[in-house]
Amino acid sequence: PSPSRLLRVLDGERLDPPPIWLMRQAGRYLPEYRALREKAGSFLDLVCNPTLASEVTLQPVRRFDLDAAILFSDILVVPWALGRDLRFETGEGPIFDPLDERDALSRLAKIDQAMDRLEPICETVRRSRAALDSDKALIGFCGGPWTVATYLVGGRGGEQARERTRRIAMEEPGFFADLLEILMRASAAFLIRQIEAGADAVQIFESWAMDLPEPWFRRWVILPNALIVADVKRHHPHVPIIGFPRGAGCMLRDYVADTGVDAVSLDTGVPLRPVLRELPPGTPIQGNLDPRIVRLGGEVMESEVERILADTRGAPHVFNLGHGLFPDTPPEHVARLAELVRGDG
C-alpha cells in the first residue's frame, strides 16, 4: 500500500483517524507566509518564484504535521498563461478586463505556449515533492472551467460578475462553449504537467458551481469536468482526481457519477449522512467543516469536529473544510483542529 494516508483513502480505504489537509492551508493566516509575501513583491511574482512558492507550499505541513501539501498557486494562472492580463488589488481580489467577444478567443495563446509560461509553477511542484517525506502527499490543482470563466467574463469575483457570466452563457452559448473548450484543454494540460512534475493527486476547484439550473449545470459544470478527468486519466490513469463542485446540492451524485472523479470534496452546506447514502458506494469524500468555525475555535469547533467524524464513520473520508481558511484564522486554532482530528487530546 501507499505510504501516504491521503492516497490510501482516495483509493477507497477507510482510516481512523482520517487524513487531514485544509483548503487554503498555505497563505495569509500564517506569519511565515506574510514574511515571504513581502519579500516576493506581487502575488503573481510569489506564485511564479519556485524557491519561495515551494517554501509556502511546505509551511503548513511543517507547522501542523498535515497529511498533504497543496501546491501554492491560484486557479487563475491558466487564463493568465493564456494571455489575459491578471492583477490582484488589495481588498478587491483578482481582476481581469472582462472577456466577452468571440474575436478575443482567437487572441489567446496556444496551449503549448501557455504551458511554457506555467513552467515555474511546475518547478514548484518538483521542489515541493522532493522536500516532502514519502508519507506526505502533494496535491496539484486547477480551477474548474465554469469557475474560471466566471472571473474571465465577469472580470472579477462576486455575485454581480457571476450574474453577468450566467447571462452571457445563456445568451451566447456558442461563444461560451468555445471559451470553456479552451479552458478545459488548458486545464487538463496543466494538471498533466503537474502530475509529471510530481503531484500525487489533483483537485478541480469548481468553486462557483452553485445557482445553475440542471441543464446548465450539466452543460457548463459536469461536461467540462468530465472532459478534464478523461484527458488526465488517459495520461495518468492511477492518479486520483478530487472534484470540488461547491454548491452542487442535489446534483452532487450526478457530478460524481458522470465526471468520473475518484473523490468528491463537500462544501459546508452538504449534510453528510444523506449524501453518503446517495453517492455511489465507497466514494471517498472530503470535507466539510465550516472555515468560520475554525476561525472561532473553542468548544464549537470541538463539537463540530466530533460530529463530522461521527457522521463519516465507516466511510473513506479525508478531513477538510467546506471552503478555504479565512485570512484572520488564528494559527493556534488550526493546530488544535489537527490535534482533534488525530485524537491527540
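A charge sits over a ring if NZ of Lys or CZ of Arg is within 6 Å of the ring centre and within 35 degrees of the ring normal. Select Arg162 and Trp208 for a case of this: the charged end of Arg162 is over the Trp208 ring, 4.0 Å from its centre. Then pick Trp80 and Arg117, where Arg117 lies over the face of the tryptophan at 4.0 Å from the ring centre.

A quick word on what is on your screen: this is a predicted model, in which local features need pLDDT of at least 70 and side-chain atom pairs count only at pLDDT 80 or more, while totals for chains, interfaces and linings use all residues. Residues are numbered from 1 along each chain as its sequence is written, and side-chain values use heavy atoms, with hydrogens and water left out.

**Stop: the aromatic rings**

How many aromatic pairs does the structure hold? There are seven. Rings of Phe, Tyr and Trp (its six-membered ring) pair if their centres lie within 6.5 Å; planes under 30 degrees apart count as stacked, over 60 as edge-to-face and the rest as tilted.

Select Phe43 and Phe72. Their ring centres are 5.8 Å apart and the planes meet at 70°, so this pair is edge-to-face. Phe43 belongs to helix α3 (residues 43–47) and Phe72 to the loop between β1 (68–70) and α5 (77–81), so the pair ties together parts that are 29 residues apart in sequence. Helices (H or I, at least four residues) and strands (E, at least two) are DSSP runs, numbered from the N terminus. Phe43 counts as buried at 14% relative accessibility, and Phe72 is buried too, at 6%. Buried means under 20% relative accessible area, exposed over 50%, partly exposed in between (1.4 Å probe, protein chains only). Now add Tyr33 and Phe88 to the selection: ring pairs link these two with Phe43 and Phe72 into a cluster.

Move on to Phe205 and Phe244, both buried. On strand β5 (residues 201–206) you'll find Phe205, and on strand β6 (residues 241–245) Phe244, 39 residues apart.

**Stop: two helix packings**

Show helices α12 (residues 214–235) and α13 (residues 252–259), which pack at about 35° with their axes 9 Å apart. Axes are lines fitted to C-alpha atoms, for helices over the stretch in contact, and angles run from 0 to 180 degrees between N-to-C directions.

Next, show α16 (residues 298–311) and α17 (residues 331–342): again an angle of about 35°, with the axes 10 Å apart. Which residues of α16 and α17 make the contact? Pick Met301, Glu302, Val305 and Leu309 on α16, and His333, Arg336, Leu337, Leu340 and Val341 on α17. Contact means heavy atoms within 4.5 Å.

**Last stop: two prolines**

Is Pro19 buried or exposed? Pro19 is buried, with a relative accessible area of 0%. Look for this proline in the loop between α1 (5–10) and α2 (31–40). Leaving aside neighbours within four places in sequence, Pro19 touches Arg5, Leu6, Val9, Asp67, His317, Val318 and Phe319. Ala338 is 319 residues away along the chain, yet its C-alpha is 9.6 Å from that of Pro19.

Finish at Pro281, in the loop between α14 (272–278) and β8 (285–289). Pro281 is exposed, at 84% relative accessible area. Select Gly12 as well: its C-alpha is 9.9 Å from that of Pro281, with the two positions 269 residues apart in sequence numbering.
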